[in-house]
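Thanks for coming. I will take one chain today and go through its helices, its core and a few single residues.

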Amino acid sequence: MNFTSAPEVESKTRKEYLRQWHLRNKERRLKARQARYQNDPQKENARSKAWAAKNKDKCRGYNKAYRAKHRSKIQQNWSNYYARNKARILSQKKGYNQSFYAANREIIRVKHSVYYRKNAERLRAQARTHRLKNLEKRQRQCRAWHATKGKLPEFVVRKKQSNSKLYYRNKPNILARHRNWRKLNRDKCRLYKMKRRALEKKALVNLAGINAFVSSVLSKAKAQCSYCNEWIPSSEVHFDHIVPLSKGGEHSAANLCVSCQTCNLRKGRTLPEIWMRIPKGIVKLLNFPPRIRPKRSFTR
Ligand SMILES: [Zn+2]
């Protein structure tokens, strides 16, 4: 006979026996416990706490099992509580959030800007896809708003009228001022124009680094064309999108290069891999791709 499993069997039967005893005497035990609690609640609580501290894993298991068994009931209880106290909870939350923001304004701002910079491309792309996805919805909303309550208050209408009168009376002066500003800020105008063109073509716009790149090129007297390697005065430099905007290129510092007017206009919408394969001598001889007439400059 094999006796090696005997103690285990015994302990199993003993456990089973105890379990049965507990089940048989459940009510009696509960009553006894209630009596103990009524007799000395503090002592009984302390006893429970001490037991819980000793049997942390058991407690965790019990709690988990209880939560799993009564999940919907617990959720219902919470949602009932929330519905009953919604106003109070929301106002508390708001107050808490406001005071927290006031106390940590600088830290939060820095954190946000760091996060934004770290994830700029992803966030911009996200915003862009969201905008494009909801373009029609937004238009509908705007139209509906204008149709129903888009009426401006009386004082705003009056202000607008007086402003437009003022504008027409001083139109030549204002236009001259704008022209003058554009003359003084050619580089800025150029950047704005590039950005606007990119937005019109629905390209991905990433302005980080573009400013620095453009101003570093324009600050020097001469610049070298990336395609034909000729040196040109930086006042005549063109900034070329290596992958054209119309072929899905980004408006970003990584996709911009310095080019002379001839190369830029001849390259046009050609993809870089095709453009680089065409010998530049032949390009000039054959006039290929056909030279596009430059558009009138933004600054007059
Ligand atoms: Zn060139």
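A word on naming before the picture: helices here are DSSP runs of H or I with at least four residues, strands are runs of E with at least two, and both are numbered from the N terminus. What you see is a predicted model. In that numbering the chain has 16 helices and 6 strands.

Confidence comes next. The mean pLDDT of the chain is 86, and 89% of its residues reach 70 or more. Among the elements, helix H5 has the highest mean pLDDT, 95, and helix H16, residues 280–286, has the lowest, 61. Please keep that in mind when looking at H16.

How much of the chain is buried? Of the 300 residues, buried ones make up 8%. As for contacts with a separation of 6 or more, 56% of them join residues 24 or more positions apart.

Now some helices. H2 covers residues 26–39, which is 14 residues; at 1.5 Å a residue that should span 20 Å, and the end C-alpha atoms are indeed 20 Å apart. The number of buried residues in H2 is 0, so this helix lies largely in the open. H5, residues 71–84, also has 14 residues, with an expected span of 20 Å and end C-alpha atoms 20 Å apart, which agrees. H5 is hardly covered either, with a count of 0 buried residues. H12 has 15 residues and runs 21 Å from first C-alpha to last, close to the expected 21 Å.

After H12 comes Lys202, which has a positive phi near 60 degrees. Lys202 sits in the loop between helix H12 (186–200) and strand S1 (205–206). Is Lys202 buried or exposed? Lys202 has 12 other C-beta atoms within 10 Å, and the cut-off for exposed is 12 or fewer, so Lys202 counts as exposed.

A second residue with a positive phi is Asn229, at about 60 degrees and again not a glycine. Its loop is the one between strand S2 (222–224) and strand S3 (231–233). Asn229 has 10 C-beta neighbours inside 10 Å and is therefore exposed.

Where is the largest nonpolar core? It consists of 7 residues: Ala223, Cys225, Tyr227, Val237, Val258, Cys260 and Cys263. Take Cys260 from that set. Leaving out neighbours within four places in sequence, Cys260 is in contact with Cys225, Cys228, Glu230, Ile232 and His238. Of those partners, Cys225 is itself listed in the core.

The last residue is Leu218, in helix H13, residues 210–219. Leu218 has 16 other C-beta atoms within 10 Å and is partly exposed. Which residues does Leu218 touch, not counting those up to four places away in sequence? They are Asp187 and Ser234. Leu218 and Val237 are 19 residues apart along the chain, and their C-alpha atoms are separated by 8.2 Å. Val237, as listed a moment ago, belongs to the largest nonpolar core.

To sum up, buried residues are 8% of the chain, H2 and H5 each have 0 of them, and the largest nonpolar core has 7 residues. That is all I have.

Notes. Residues are numbered from 1 along each chain as its sequence is written. This is a predicted model: local features need pLDDT of at least 70, side-chain atom pairs count only at pLDDT 80 or more; totals for chains, interfaces and linings use all residues. The expected span of a helix is 1.5 Å times one less than its number of residues. A residue is buried if 20 or more other C-beta atoms lie within 10 Å of its own, exposed if 12 or fewer, and partly exposed in between; C-beta atoms are placed from the backbone. A nonpolar core is a set of buried Ala, Val, Leu, Ile, Met, Phe, Trp, Tyr and Cys residues joined through C-beta atoms within 7 Å. Two residues are in contact if their C-beta atoms, placed from the backbone, lie within 7 Å. pLDDT is the predictor's confidence in each residue, from 0 to 100.
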